[in-house]
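Hi everyone, and thanks for making the time. Please have a look at the slide with me, and we'll walk through it together.

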Amino acid sequence: RAVLVIGLGSGMTAAAAAMHAVDRVDVIEIEPGVVEATRFFAHANSDVLKNPRVRMMIADARNFLLTTAERYDVIISEPSNPWISGVATLFTREFFALARQRLRPGGLMVQWVHSYSLLPADFQMIVKTFRTAFPATSIWQPGSGDFLLVGRTGPLPIDLDLIKARYETSPAVRNDLARIGV
(Lines give C-alpha, C1' and ligand atoms only; values in the text may rest on other atoms or scores of the structure.)
Protein backbone atom coordinates (compact mmCIF):
# COMPACT_ATOMS: atom_id res chain seq x y z
CA ARG A 1 0.00 0.00 0.00
CA ALA A 2 2.93 2.36 0.68
CA VAL A 3 6.00 2.74 -1.53
CA LEU A 4 9.14 4.79 -0.97
CA VAL A 5 11.27 5.75 -3.98
CA ILE A 6 14.75 7.03 -3.17
CA GLY A 7 16.01 9.20 -6.02
CA LEU A 8 13.59 10.89 -8.41
CA GLY A 9 15.69 11.02 -11.58
CA SER A 10 13.36 11.39 -14.55
CA GLY A 11 10.38 10.21 -12.49
CA MET A 12 9.93 6.96 -14.39
CA THR A 13 10.20 4.69 -11.34
CA ALA A 14 7.79 6.79 -9.29
CA ALA A 15 5.37 6.71 -12.23
CA ALA A 16 5.74 2.94 -12.52
CA ALA A 17 5.02 2.52 -8.80
CA ALA A 18 1.96 4.79 -9.06
CA MET A 19 0.52 2.54 -11.82
CA HIS A 20 -0.22 -0.06 -9.19
CA ALA A 21 -3.08 -0.02 -6.72
CA VAL A 22 -1.06 1.65 -3.97
CA ASP A 23 -2.29 4.24 -1.51
CA ARG A 24 0.86 6.34 -1.50
CA VAL A 25 4.20 6.78 -3.24
CA ASP A 26 6.69 8.86 -1.25
CA VAL A 27 9.65 10.12 -3.26
CA ILE A 28 12.87 11.37 -1.65
CA GLU A 29 15.29 13.46 -3.70
CA ILE A 30 18.24 15.36 -2.27
CA GLU A 31 18.71 17.75 -5.21
CA PRO A 32 15.95 20.34 -5.88
CA GLY A 33 17.25 20.79 -9.43
CA VAL A 34 16.33 17.19 -10.23
CA VAL A 35 12.75 17.86 -9.16
CA GLU A 36 12.65 20.92 -11.43
CA ALA A 37 14.13 18.95 -14.33
CA THR A 38 11.56 16.18 -13.98
CA ARG A 39 8.97 18.41 -15.68
CA PHE A 40 10.89 17.94 -18.92
CA PHE A 41 10.02 14.23 -18.70
CA ALA A 42 6.30 14.74 -17.93
CA HIS A 43 5.35 13.22 -21.30
CA ALA A 44 7.19 10.01 -20.39
CA ASN A 45 6.45 9.81 -16.65
CA SER A 46 2.71 10.59 -16.83
CA ASP A 47 3.39 13.91 -15.07
CA VAL A 48 3.89 11.83 -11.93
CA LEU A 49 4.48 14.74 -9.55
CA LYS A 50 0.89 15.88 -10.16
CA ASN A 51 -0.48 12.50 -9.11
CA PRO A 52 -2.32 13.04 -5.78
CA ARG A 53 -0.94 9.76 -4.39
CA VAL A 54 2.66 10.90 -4.93
CA ARG A 55 4.32 12.89 -2.15
CA MET A 56 7.60 14.57 -3.17
CA MET A 57 10.10 15.42 -0.45
CA ILE A 58 13.48 17.15 -0.73
CA ALA A 59 15.63 15.35 1.81
CA ASP A 60 18.65 13.16 2.38
CA ALA A 61 17.41 9.56 2.15
CA ARG A 62 19.50 8.29 5.03
CA ASN A 63 18.37 11.07 7.35
CA PHE A 64 14.77 10.60 6.24
CA LEU A 65 14.87 6.91 7.13
CA LEU A 66 16.53 7.71 10.46
CA THR A 67 13.82 10.17 11.46
CA THR A 68 10.58 8.91 9.92
CA ALA A 69 8.09 6.75 11.74
CA GLU A 70 6.64 5.65 8.39
CA ARG A 71 6.70 2.00 7.37
CA TYR A 72 6.63 0.87 3.76
CA ASP A 73 5.66 -2.24 1.85
CA VAL A 74 8.24 -1.49 -0.84
CA ILE A 75 11.38 0.65 -0.83
CA ILE A 76 13.02 1.30 -4.20
CA SER A 77 16.47 2.85 -4.04
CA GLU A 78 18.07 4.14 -7.20
CA PRO A 79 20.85 6.53 -6.40
CA SER A 80 23.38 7.19 -9.10
CA ASN A 81 26.83 5.64 -9.29
CA PRO A 82 28.11 4.40 -5.92
CA TRP A 83 31.56 5.89 -6.53
CA ILE A 84 30.18 9.45 -6.56
CA SER A 85 30.89 11.41 -3.38
CA GLY A 86 28.05 11.06 -0.88
CA VAL A 87 26.22 8.36 -2.83
CA ALA A 88 28.31 5.54 -1.38
CA THR A 89 26.52 5.92 1.96
CA LEU A 90 23.39 4.54 0.25
CA PHE A 91 25.22 1.28 -0.50
CA THR A 92 26.38 0.46 3.03
CA ARG A 93 25.42 -2.30 5.42
CA GLU A 94 24.07 0.36 7.78
CA PHE A 95 21.85 1.93 5.12
CA PHE A 96 20.41 -1.39 3.98
CA ALA A 97 19.73 -2.39 7.61
CA LEU A 98 18.01 0.96 8.17
CA ALA A 99 15.85 0.46 5.09
CA ARG A 100 14.89 -3.01 6.30
CA GLN A 101 13.77 -1.53 9.63
CA ARG A 102 11.39 0.76 7.72
CA LEU A 103 9.73 -2.12 5.88
CA ARG A 104 6.50 -3.69 7.02
CA PRO A 105 6.44 -7.46 7.54
CA GLY A 106 6.53 -9.13 4.13
CA GLY A 107 7.98 -5.99 2.55
CA LEU A 108 10.66 -5.84 -0.05
CA MET A 109 13.50 -3.59 -1.06
CA VAL A 110 14.64 -3.01 -4.62
CA GLN A 111 18.13 -1.67 -5.20
CA TRP A 112 19.05 -0.51 -8.70
CA VAL A 113 22.67 -1.12 -9.66
CA HIS A 114 24.05 -0.26 -13.05
CA SER A 115 27.13 -2.20 -13.92
CA TYR A 116 28.75 0.04 -16.51
CA SER A 117 32.02 1.47 -15.17
CA LEU A 118 31.68 -0.89 -12.21
CA LEU A 119 34.29 -3.57 -11.68
CA PRO A 120 32.94 -7.11 -11.14
CA ALA A 121 34.47 -7.16 -7.65
CA ASP A 122 32.64 -3.92 -6.78
CA PHE A 123 29.36 -5.34 -8.09
CA GLN A 124 29.91 -8.45 -5.94
CA MET A 125 30.63 -6.23 -2.94
CA ILE A 126 27.32 -4.37 -3.42
CA VAL A 127 25.39 -7.65 -3.69
CA LYS A 128 27.10 -9.12 -0.60
CA THR A 129 26.48 -5.93 1.37
CA PHE A 130 22.80 -5.86 0.35
CA ARG A 131 22.45 -9.50 1.38
CA THR A 132 23.60 -8.70 4.93
CA ALA A 133 20.21 -7.01 5.43
CA PHE A 134 18.26 -9.10 2.91
CA PRO A 135 19.53 -12.70 2.84
CA ALA A 136 16.54 -13.61 0.64
CA THR A 137 17.77 -11.66 -2.39
CA SER A 138 17.16 -12.28 -6.05
CA ILE A 139 18.93 -10.49 -8.90
CA TRP A 140 17.01 -9.35 -11.97
CA GLN A 141 18.45 -7.90 -15.17
CA PRO A 142 15.80 -5.73 -16.87
CA GLY A 143 18.22 -4.34 -19.44
CA SER A 144 21.81 -4.37 -20.55
CA GLY A 145 24.02 -3.13 -17.72
CA ASP A 146 21.13 -2.64 -15.26
CA PHE A 147 20.46 -4.93 -12.34
CA LEU A 148 17.78 -4.96 -9.66
CA LEU A 149 18.53 -6.52 -6.30
CA VAL A 150 15.20 -7.55 -4.80
CA GLY A 151 15.43 -8.28 -1.10
CA ARG A 152 12.61 -9.66 0.98
CA THR A 153 12.16 -9.44 4.72
CA GLY A 154 11.45 -13.16 4.85
CA PRO A 155 12.52 -16.27 2.97
CA LEU A 156 9.31 -16.49 0.95
CA PRO A 157 9.65 -18.01 -2.50
CA ILE A 158 9.07 -15.85 -5.55
CA ASP A 159 5.56 -16.52 -6.86
CA LEU A 160 6.08 -16.51 -10.63
CA ASP A 161 2.40 -17.36 -11.24
CA LEU A 162 1.34 -14.26 -9.32
CA ILE A 163 3.83 -12.11 -11.25
CA LYS A 164 2.51 -13.50 -14.53
CA ALA A 165 -1.13 -12.95 -13.48
CA ARG A 166 -0.46 -9.33 -12.50
CA TYR A 167 1.40 -8.76 -15.75
CA GLU A 168 -1.44 -10.23 -17.82
CA THR A 169 -4.22 -8.33 -16.03
CA SER A 170 -2.62 -4.89 -16.07
CA PRO A 171 -2.30 -3.33 -19.53
CA ALA A 172 -0.59 -0.24 -18.07
CA VAL A 173 2.12 -2.32 -16.39
CA ARG A 174 2.49 -4.53 -19.46
CA ASN A 175 2.92 -1.50 -21.74
CA ASP A 176 5.38 0.11 -19.33
CA LEU A 177 7.51 -3.02 -19.19
CA ALA A 178 7.34 -3.43 -22.98
CA ARG A 179 9.23 -0.12 -23.29
CA ILE A 180 12.28 -1.82 -21.76
CA GLY A 181 11.84 -5.08 -23.62
CA VAL A 182 10.07 -7.13 -20.94
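Let's begin with strand β1, residues 2-6: how many of its residues are buried? The answer is 5 of the 5, so β1 is largely enclosed by the rest of the structure. Before I go on, please keep in mind that this is a predicted model.

What covers that strand can be described face by face. In a regular strand the side chains alternate between the two faces of the sheet. For β1, one side carries Ala2, Leu4 and Ile6, the other carries Val3 and Val5, and every one of these is buried, which leaves both faces covered.

Now the partners. Which strands does β1 pair with? There is β2, residues 24-29, which runs parallel to β1 and is joined to it by 5 bridges. Within that pairing, leucine 4 has aspartate 26 as its bridge partner. Please remember that aspartate, as we'll come back to it. Then there is β4, residues 72-77, also parallel to β1, with 4 bridges between them. Here valine 5 stands opposite isoleucine 76. And if you follow the chain from β1 through helix α1, residues 12-18, into β2, you trace a right-handed β-α-β unit.

Next, the nonpolar interior. The largest nonpolar core has 29 residues, and two of our β1 residues, Leu4 and Ile6, are among those with the most contacts inside it, along with Leu65, Ile75, Phe96 and Met109. Several elements each give this core at least two residues: β1, α3, β4, α4, β5, α5 and β7. The largest share, 5 residues, comes from α5.

Let me zoom in on leucine 65. If we set aside its neighbours within four places in sequence, leucine 65 is in contact with Leu4, Ile6, Phe95, Leu98, Ala99 and Arg102. A second core, separate from that one, has 15 residues, including Leu8, Ala18, Val22 and Val25.

Now for the charges. Side chains of opposite charge can pair when their charged atoms come close. How many salt bridges does the structure hold? It holds 9.

Here is where aspartate 26 returns. Its relative accessible area is 0%, so aspartate 26 counts as buried. The side chain of aspartate 26 forms a salt bridge with arginine 24, at 3.0 Å from N to O. Arginine 24 is partly exposed, at 21% relative accessibility. Aspartate 26 also meets arginine 55 in a salt bridge, at 2.6 Å from N to O. Because arginine 55 sits in strand β3 and aspartate 26 in β2, that pair ties together parts that are 29 residues apart in sequence. Arginine 55 is partly exposed too, with a relative accessible area of 34%. Through shared partners, salt bridges join Arg24, Asp26, Arg55 and Glu70 into one network.

Further along the chain, aspartate 176 and arginine 179 make a salt bridge at 2.7 Å, N to O. Aspartate 176 is buried, at 17% relative accessible area.

One last stop. Is proline 157 buried or exposed? With a relative accessible area of 67%, proline 157 is exposed. You'll find this proline in the loop between β7 and α6. From its C-alpha atom to that of histidine 20 is 22 Å, and the two residues are 137 residues apart along the chain.

That's my tour. Thanks for listening!

Notes
Residues numbered from 1 in each chain as written. Predicted model: local features only at pLDDT ≥ 70, side-chain atom pairs only at ≥ 80, totals over all residues. Heavy atoms only, no water. Buried < 20%, exposed > 50% of the residue type's maximum accessible area, 1.4 Å probe, protein only. Pairing = 2+ DSSP bridges. Right-handed = clockwise from strand over helix to strand, strands pointing away. Core = buried A, V, L, I, M, F, W, Y, C linked by side-chain atoms within 4.5 Å. Contact = heavy atoms within 4.5 Å. Salt bridge = Lys/Arg side-chain N within 4 Å of Asp/Glu carboxyl O.
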